[in-house]
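Got the viewer open? Here is a short tour, one selection at a time.

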Amino acid sequence: MAKKRNNKKNNKIKLILLILILIIGIYLLIRPKNYEITYNLNGITITENYHKSAKTYTFTYKIEDYKFIMNIHHKYFHSKKLIKNITLSQNDNTICLIPESKKINTYILCNENGEYLNPELITDKSLIPEISKETINPTSYENLNLYNLQDKKYLIWNYRGFYLLSKAQNQKINLFNEDIYSIPLATKVNKYLVIPNYEEKYNFNKFYVIDTSNGKVRDFNLTKTISSDSYILGINNNRLYLVDKKNEKEYELYPKRLIMDTINNNNRGKIIENGKWTSITLNKLISSENKFTYDNIISYSLINNNLYEIVADYQTLLSKNVSKIITNLDNTVYYLKEDKLYSYNHYTGEVLIMQNFEWNFNNDNTIFIY
């Protein structure tokens, strides 16, 4: 009897181990992983990469003397060779690729006269399918002309507070009793906007935290006084990092919990460089305004008032006569053309969001997008 019980126990252990091995094997098989493969389709060489940390696919297309790069933020697929068809459309000056996939949304890539550019900017529009645009009836709110708010929320500074705008509703958030022209320390942290009490002129004992999900404002009473001679290092893990140059301190602010911590120690602070925390002397933090840096696959730049998307050594012209880049979210870049706010991504093209005459005079840190 004892021998039978031992055999049953051993069989049960073996079964459990077998199940664990199967589970681990399946996980190792389907888990996201970096990879690179090259294949050919319709005479075009495709190099397909997946970047696990960025959750991004990169497709490089080579045809004749041209190389096109397409980046798509997407979850990982176990299957590979995701591009199933490519249509090539060209004339003497322009070449456009129209890739197709059953799993991901692709977009059109064009080069005209040796320059990569937004397909909406090519001269011969007959080379590509028409990019559909949503029909919008403009409306107005306060001093703003609203065109297409898409599915985002916007906090727009009005000198005494903000307008919180969305498709669902618009509301006014009042903070101050006098006009405040400049709010350099106002910072977006996840769904929150954190802004000092600018009615305290030189030293702040309180910040306000605006929750953009409901428009409510909470008082963030600080445990240490922060000088107006401060700057924002960056945001990480829903925390805001700030350097007070006058008082020679580095702080971490957690707006969700209204918590403030001093993080410098022994004349050293910390900073994120290329996505990793590193130690830095407090003197370096105070003597110049540093910023967190990350290894981003895609970046955006203004060159001679033209907006470019930068990927590796390639730059694509997205829009002309741009006066300022506001931010980028989810591979969509937001920017101003004089007093008009636009967005651009490769699926919707350029979209006019809103207009505010005041942006002709003041547009520094006055637009926050969620």
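**Stop one: a pair of strands**

Select residues 332-337, strand β28, together with β29: the two run antiparallel and are joined by 5 bridges. Keep in mind as you click around that this is a predicted model.

Now pick out Y334 and look across to β29, where S343 sits opposite. Then follow the chain through the turn: β28 and β29 make a hairpin with 2 residues between them. Click on E338 in that turn and check its backbone, as its phi is positive, about 55°.

**Stop two: the middle strand and its other neighbour**

Next, select residues 340-345, which is β29. Is β29 mostly covered or mostly open? Mostly covered: 5 of its 6 residues are buried.

Add residues 349-356, strand β30, to the selection. β29 pairs with β30 as well, again antiparallel, this time over 6 bridges. For a landmark, take Y344 and find its bridge partner in β30, E350. These two strands also form a hairpin, with 3 residues between them.

**Stop three: a patch of lysines**

Leave the hairpins and switch to a surface view. Select K75, K81, K84, K102 and K103: together they gather in a patch of positive charge on the surface.

Zoom in on K102. Where does K102 lie in the chain? Look in the loop between β6 (94-101) and β7 (109-112). K102 counts as exposed because its relative accessibility is 80%, and the cut-off for exposed is over 50%.

Technical notes. Residues numbered from 1 in each chain as written. Predicted model: local features only at pLDDT ≥ 70, side-chain atom pairs only at ≥ 80, totals over all residues. Heavy atoms only, no water. Buried < 20%, exposed > 50% of the residue type's maximum accessible area, 1.4 Å probe, protein only. Helix = DSSP H or I, 4+ residues; strand = E, 2+ residues; numbered from the N terminus. Pairing = 2+ DSSP bridges. Patch = residues over 30% accessible without salt bridge, like charges linked within 9 Å, V, L, I, M, F, W, Y side chains within 5 Å. Areas by Shrake-Rupley, 256 points an atom, 1.4 Å probe, with all protein chains shown as cover. Salt bridge = Lys/Arg side-chain N within 4 Å of Asp/Glu carboxyl O. Lys, Arg positive; Asp, Glu negative; His and termini not counted. Charge placed at Lys NZ, Arg CZ, Asp CG, Glu CD.
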